[in-house]
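Hi everyone, and thanks for making time for this. I'd like to walk you through a structure that is new to most of us, so please have a look at it first.

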Amino acid sequence: MKEVFLSNCEKSFIQKIISEGHRLDGRNYNDSRKLSITFGSGYGSCIVSLGETKILAQVSCEVVQPKQIRPNEGILYINVEISPMAAPQFEANRQTDLTVYLNRLLEKCYKDSKCIDLESLCIVVEEKVWSLRVDIKVLNHDGNLIECASIATLASLAHFKRPDVTRSGEKVIIHTLAEKDPIPTVLYHYPVCSTFAIFSNNILISDPSFIEESVCTSNSEEGNINGGLLVVGMNQYKELCLLNLSGAAIYNTNIVHRATLSAADKCKSIVDLIKKAIIDDDNLRQKRAKINFGDIITSDHLQSLSRKDLSICLKNFDVKEQTLQNETADSMDVDISMEPSKYDVVPSLPQTAELKAKKGASTWIEISSESEEED
Amino acid sequence: MKISIGDVVLPGDYCEEISQVAEKSKVIIGPGLRKEVDRVYITKPGVLKKRNPSTFWVDSYQKRYVPSRGENVIGVVVQKAGDIFRVEVGGSITAALSYLSFEGATKKNRPEVQVGDVVYAKMLVASKDMEPELVCVDSHGKKGRLGVLSDGFVFKCSLNLIRKILNPNCPLLESLKNEWPFEVAAGMNGRIWIKANSMRETIAVGNAILGAEYLNDEEIRSMCNNIAAILAGHVS
């Protein structure tokens, strides 16, 4: 993997603005980027995008022999792939540290937490079980891959339906989707991971973007890493499923506590979003509507393939305000009914003019009362 | 299908108009066009443009930089090796910047450049067969605006945006220059360096530049006013 080089000025700038309470793209410390979940035409495929980070997950199943130590349980495999499509520093077909890290975290979150009922995947004890395989492909890397990958895994597992099976004596019949309705996976609980970047002075940033992640885990001038990334996995019942820290060691337990509190609300809302998306998708499929990934690509528009939010943004800057302002400006030109000015411009000294209030008007110059308050 | 100036073209199309003009006078073909035998083929998707007299090129959206001679670029020093600095400019390989290519540098007097510094340099040598070379002085040995850029913030954008804001007709820098003091350096490799007095002002300039990519002149002016208003509302 080619190293991405971070310049000194980027590092010091990001650390400075974060310590002053701002973020590069105008979000608050605990704001997340826009999350959108789109399902594909087959069961179990979905694309999740968190800001510009995009991940595709696909669940497939096949009948295999179960493991010797667990003869009545199905098997779950999780496989993560990062190709040069995600970012230019990745090499094709090469397992990097990042891939192994993602793989391990997702296994901890979904296999070790026993969120899937593996016993329901059993067909014939000791002989045939379903093996579910989740393939995760990173389409674009703009920071916070873990959160996006975990949402993609969860959404695709919850969306997936396996073929129905009937046993008659010795025979086992696997029905096609046309013969019998497929069966959804049984999930006991819905765990989701949430990432926090820890900067010096115990500042917690949720949903770090690529540059924030890089600065956080980079070497400072002394040569050691000052910050770290904390991954908290929780389910909708606010139970902790996963805790992982990379980077500098935390010497303040308060950070973990704050992170878990913040993650609890966030994970619950994400799980609600996933469930709602699945219900909506179900309704559409019952009406036999065609669903495919093509819906997330908007064509015939100049900016259809560009990023929707600016990567560098002031806190209150709104892109849509631009067009709104233009429209109001146009409409104002149409009906010109300006209120008469309360002030006269009067020449006083040579080459100087003065604002003099007309009779009856106050001499205080009015300032717009819309001054916004600092948070 | 006949291709004319101002059309959206795809690689593989060929423009007869250029061949016709070439019979009468000298024609300059720019990026995105290539002469094969007797025809001029289009090699990049975009809009075919012409400038008088008889200069043709294709305007295409591009983020990946291909080093070319004479351009000012912003690079990050990644390594010190022997007599040169290795500078990453976003091309396929790192560029070389000699120790002696700084103003007032001699063998005994080395320039103060550290790994991780941002430099504004000019491409001296750039071809597809050799590693690119940069210099931080002009041909008279004067520094000019080149050299190490200290503090500030550097970010990436598309090459089209750089060309757009460097165009003298673009109102972006004109609208911003009266609002608050700042320094900006635009490298033709798709990188911009900004420095202002406070970090909010730096972010505001970055916001204005990135936001101007798809706006026309009027909209750019109103966006700059909007940004100045937001900044003035929170003087911190």
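Let me start with a word I'll use a lot: a residue is called buried when its relative accessible area is under 20%. Please also keep in mind that what you see is a predicted model. By that cut-off, buried residues make up 42% of the 375 residues in chain A. The chain exposes about 21,500 Å², and 52% of that area comes from carbon and sulfur atoms.

What is chain A built from? It has 6 helices and 16 strands. If you take its contacts with a separation of 6 or more, 69% of them are between residues 24 or more positions apart.

Now let's go to one sheet in chain A. In which order do its strands lie? Going across, you meet β12, β11, β13 and β14 of chain A, 4 strands in an open sheet with antiparallel pairing. The edges belong to β12(A), residues 203-206, and β14(A), residues 240-247; each has a single partner strand, so one side of each is left without a neighbour in the sheet. From one strand to the next, the twist averages 25°.

Let's zoom in on one pairing there. Strand β13(A), residues 228-234, is joined to β14(A) by 7 bridges, and the two run antiparallel. If you want a place to point your cursor, find A:M234, which stands opposite A:L240 in β14(A).

Which helices pack on this sheet? One is α2(A), residues 97-112, which touches β11, β13 and β14 of chain A. The direction of α2(A) makes about 160° with that of β14(A). Another is α5(A), residues 253-286, touching β11, β12, β13 and β14 of chain A. Here the angle is about 145°, taken between the directions of α5(A) and β11(A).

Let's stay with α5(A) for a moment and do a little check. At 1.5 Å a residue, its 34 residues should span 50 Å, and the end C-alpha atoms are 49 Å apart, which agrees. Just after this helix, A:R288 takes a positive phi of about 60°.

On to the aromatic rings. Over all chains, the structure holds 6 aromatic pairs. One of them is B:F153 with B:F155, a stacked pair with 6.3 Å centre to centre and 25° between the planes. Are these two residues buried or exposed? B:F153 has 3% relative accessibility, so it counts as buried. B:F155 is buried too, at 7%. Another pair is B:W180 with B:F182, which is tilted, with 6.4 Å between the centres and 50° between the planes. B:W180 is buried, with a relative accessible area of 7%.

There is also a link across the chains here: A:F13 forms one aromatic cluster with B:F153 and B:F155.

Last stop, some strands in chain B. Strand β1(B), residues 8-9, runs antiparallel to β5(B), residues 46-51, and 2 bridges join them. In that pairing, B:V8 has B:V47 as its bridge partner. β5(B) also pairs with β6(B), residues 55-59, in the antiparallel sense over 5 bridges. One of the matches is B:K50 with B:F56 in β6(B). How many residues lie between β5(B) and β6(B) in their hairpin? There are 3, and in the turn B:S54 has a positive phi of about 60°.

That's my tour; thanks for listening!

Methods: Residues are numbered from 1 along each chain as its sequence is written. Chains are lettered from A and ligands numbered from 1 in the order in which they are written. This is a predicted model: local features need pLDDT of at least 70, side-chain atom pairs count only at pLDDT 80 or more; totals for chains, interfaces and linings use all residues. Side-chain values use heavy atoms; hydrogens and water are left out. Two strands pair if DSSP finds at least two bridges between them. Axes are lines fitted to C-alpha atoms, for helices over the stretch in contact, and angles run from 0 to 180 degrees between N-to-C directions. Contact means heavy atoms within 4.5 Å. Buried means under 20% relative accessible area, exposed over 50%, partly exposed in between (1.4 Å probe, protein chains only). Accessible areas come from the Shrake-Rupley method with a 1.4 Å probe; for residues, only the protein chains shown count as cover. The expected span of a helix is 1.5 Å times one less than its number of residues. Rings of Phe, Tyr and Trp (its six-membered ring) pair if their centres lie within 6.5 Å; planes under 30 degrees apart count as stacked, over 60 as edge-to-face and the rest as tilted.
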